[in-house]
Amino acid sequence: MKERTLSIIKPDGVRKGLIGEVIRRFEKEGLKIVAMKMVRLDKEEAEGFYAVHRGKPFFESLTTFMSSGPIVVMVLEGEKAIERNRQIMGATDPQQAEEGTIRRMYADNIQENIVHGSDAPETATFEISYFFSSLEIV
Ligand code: ATP
Ligand code: MG
């Protein structure tokens, strides 16, 4: 089933000059980019995006990190896009991530892990609408 997912190149990915690498990987794996922009979240906007994690010990530092610099947000489309994107990213903790995944290859630690990807259809719908109007998705 064709579906859509939200991908973010986090501030560390942008700082490390990995925008091209990440996009190239998605295109190579057959995930189609149907919307894309660069934005900088303020702290409140980062808190709104990661609202499901409010109350967790890492919430404060995560939202500070996510608002620390520009990010690239994209909507990816394809068969099983949600699951495939998460396979390409690898586990949250780069030390647990499989060889060849983006996080294993490039991430410094469990927080600064280069990319975000939606984890289910419902979260994908919420996350896509957090950044894009229907007119911005081609
Ligand atoms: P994402 O939602 O960013 O795609 P994920 O689904 O693999 O990542 P989540 O459990 O949803 O992981 O956590 C969201 C983000 O919060 C992680 O990507 C990471 O940046 C940060 N994070 C998660 N767990 C920790 C932790 N134990 N310590 C610090 N940061 C964490
Ligand atoms: Mg998540």
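Two strands are said to pair if DSSP finds at least two bridges between them, and the helices (H or I, at least four residues) and strands (E, at least two) are themselves DSSP runs, numbered from the N terminus. The structure is a predicted model, in which local features need pLDDT of at least 70 and side-chain atom pairs count only at pLDDT 80 or more, whereas totals for chains, interfaces and linings use all residues. Residues are numbered from 1 along each chain as its sequence is written, chains are lettered from A and ligands numbered from 1 in the order in which they are written, and side-chain values use heavy atoms, with hydrogens and water left out.

**The sheet.** Four strands form an open sheet in the order S2-S3-S1-S4, with antiparallel pairing. Strand S2 (32-39) and S4 are the edge strands, each pairing on one side only, and neighbouring strands of this sheet are turned by 20° against each other on average, direction ignored, where the axes are lines fitted to C-alpha atoms and the angles run from 0 to 180 degrees between N-to-C directions.

Strand S1 (residues 2-9) is joined by eight bridges to strand S3 (residues 71-79), the two running antiparallel, and by three bridges to strand S4 (residues 115-117), again antiparallel. Ile-9 has Val-72 as its bridge partner in S3 and Val-115 as its bridge partner in S4, while Ile-8 is partnered in S4 by His-116. S1 is mostly covered, with six of its eight residues buried, a term for under 20% relative accessible area (1.4 Å probe, protein chains only).

**Asn-85.** This residue lies in helix H5 (residues 81-89) and counts as buried because its relative accessibility is 0%. Leaving aside residues up to four places away in sequence, Asn-85 touches Thr-5, Leu-6, Ser-7, Phe-26, Leu-31, Leu-76, His-116 and Gly-117, contact meaning heavy atoms within 4.5 Å.

**Ligand 1.** Of the 13 residues around ligand 1, those that come nearest are Lys-10, Thr-92, Gln-111, Asn-113 and His-116; a residue is near a molecule if one of its heavy atoms lies within 4 Å of it. The table gives polar contacts of the ligand, each a pair of N or O atoms within 3.5 Å.

| Ligand 1 atom | Protein partner | Distance |
|---|---|---|
| oxygen atom | N or O atom in the side chain of Lys-10 | 2.9 Å |
| oxygen atom | N or O atom in the side chain of Thr-92 | 2.5 Å |
| oxygen atom | polar backbone atom of Gly-117 | 2.9 Å |

On its own, ligand 1 has 570 Å² of accessible area, of which the protein covers 80%, as computed by the Shrake-Rupley method with a 1.4 Å probe.

Definitions and conventions: Buried < 20%, exposed > 50% of the residue type's maximum accessible area, 1.4 Å probe, protein only. Polar contact = N/O pair within 3.5 Å; in protein donor to acceptor, adjacent residues only side chain to side chain.
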